[in-house]
Amino acid sequence: MGLISGILMGMIFGVSLMAGWLQMMKYRSGKRIGKAVDIKTLSTLNRDDLRKICGDNYPEWISFPVFEQAKWLNKQLSKLWPFVAEAASAVLKESVEPLLEDYRPTAVNSLKFAKLSLGTVAPKIEGIRVQSLKKGQVTMDIDLRWGGDPNIVLEVDTPVGNIPIQLKDLQVFTVVRVIFHLAEEMPCISALLVALLSEPKPRIDYTLKAVGGSLTGLPGISDMIDDTVESIVTDTLQWPHRIVVPMGGTAVDASEFELKPEGRLTVTVVRANDLKNLEMIGKSDPYVVVHIRPRFKVKTKTIDNNLSPVWNETFELIAEDRETQGLTVEVFDKDIGQDQRLGIAKVRLSELEPEKPKEVNLRLLVSLDTLKVKDKKDRGTCTIKLLYHLFSKEEQLVALEEEKRILEARKEMKEAGVIESTADAVDASASGSSTTTGGSGIMGSVGRELSKAGKFMGRTITGHSKRIE
């Protein structure tokens, strides 16, 4: 009996063991199949899908394996950061303060750094992509995230006194493009080109705090600083704009790498329909501002008390890179004090074929960042006509000189009080009338410079009559 019972118990135990093993293998197989399905689903997601799931803070290498992780580089950067931060602080102060002066509004006497230190927390590199897009160049894209502890204090000199304003909780999310121009002589690099990629759009978040006071005592100062920072980033640091850094030991012509005009965009602002009314009494008084670069904004005349205005005004703007730049169209309501934006839209220049006219009916949005838009109400449409012309080498050189003249003219207009900042939109119709009078003094010289520059940009044509010759 003992032998028989032992045999039976052994058989039962063996069968149970085999059944358990089979069940475990089936479970593991199901888990592997489930993971394979999940991985296949994730591999089909594009950048927009990931942005909806993760927001703007996802590292590039999650969905694009061409971006490689750089954990070893982050460790070295942390060790080097105290030295890098000190040197970078001095360079930033030297290079950014002139830009603050150019972009500051006339209501502010001066805008400069009282303190500038990048702190002790190093940026984090989420991923690096290296590629060779041109012969003799190596392009490196660096996915950068920085939530540091900098000590940045701006000294804002206003008619009511000096106001120190501190930038707190600074966070930067961007992809930095560094282009190495190779040379045959040591150190084998003749120059570096540094810029921020426009896609994904650079994001700089911060909080403003008045040192020893409150920003409520000076209305509009916070918006002024926000607009100044955005204009500087878009107009000087965002690709195709770039910083050229010649490398020591090798003679190099830096002008060879600087940004040059590529083509001319002719924009006709035709009309708007069903604009949002922001007035308590009557209707909005709309006008349109168009620009490729914030420094070269132009605007239409204002049409009073009309939600479906017709302008039929034409402007010519310079483009430096059709593949990455776009035309921004903003509709404002002219008001006492600060004008209110009725809507905004953007057209990528890459969607245009050279020498082929195109009419576009733009749906106006409250913001270009559609993921953060909470107001989904209809804001109307704006109809524009576009024509892109590629420059020849001769036209490119002429346009470059005219672009420099426009910048000088804008500086004179700012000094004369005609505009508050060099990044303000120029009322082309007003400047056109000033140029036809042949005046003297500052306004006459400004008019003449704008008139010369009008051949390539900023020209207004109403109907068949040219307002700036």
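Visitor: What makes two aromatic rings a pair, and how many such pairs does the structure hold?
Guide: Rings of Phe, Tyr and Trp (its six-membered ring) pair if their centres lie within 6.5 Å, and the structure holds 2 aromatic pairs. This is a predicted model, in which local features need pLDDT of at least 70 and side-chain atom pairs count only at pLDDT 80 or more, while totals for chains, interfaces and linings use all residues. Residues are numbered from 1 along each chain as its sequence is written, and side-chain values use heavy atoms, with hydrogens and water left out.

Visitor: Why is the pair of tyrosine 287 and phenylalanine 332 called stacked?
Guide: Planes under 30 degrees apart count as stacked, over 60 as edge-to-face and the rest as tilted; tyrosine 287 and phenylalanine 332 have 20° between the planes and 5.7 Å centre to centre, so the pair is stacked.

Visitor: What makes tyrosine 287 and phenylalanine 332 count as buried or exposed?
Guide: Buried means under 20% relative accessible area, exposed over 50% and partly exposed in between, with a 1.4 Å probe and protein chains only. Tyrosine 287 has 7% and phenylalanine 332 has 15%, so both are buried.

Visitor: How do you know that lysine 299 sits over the ring of tyrosine 287?
Guide: The rule asks for NZ of Lys or CZ of Arg within 6 Å of the ring centre and within 35 degrees of the ring normal; the charged end of lysine 299 is 5.2 Å from the centre of the tyrosine 287 ring and is counted as sitting over it. Arginine 177 likewise lies over the face of tryptophan 239, at 5.5 Å from the ring centre.
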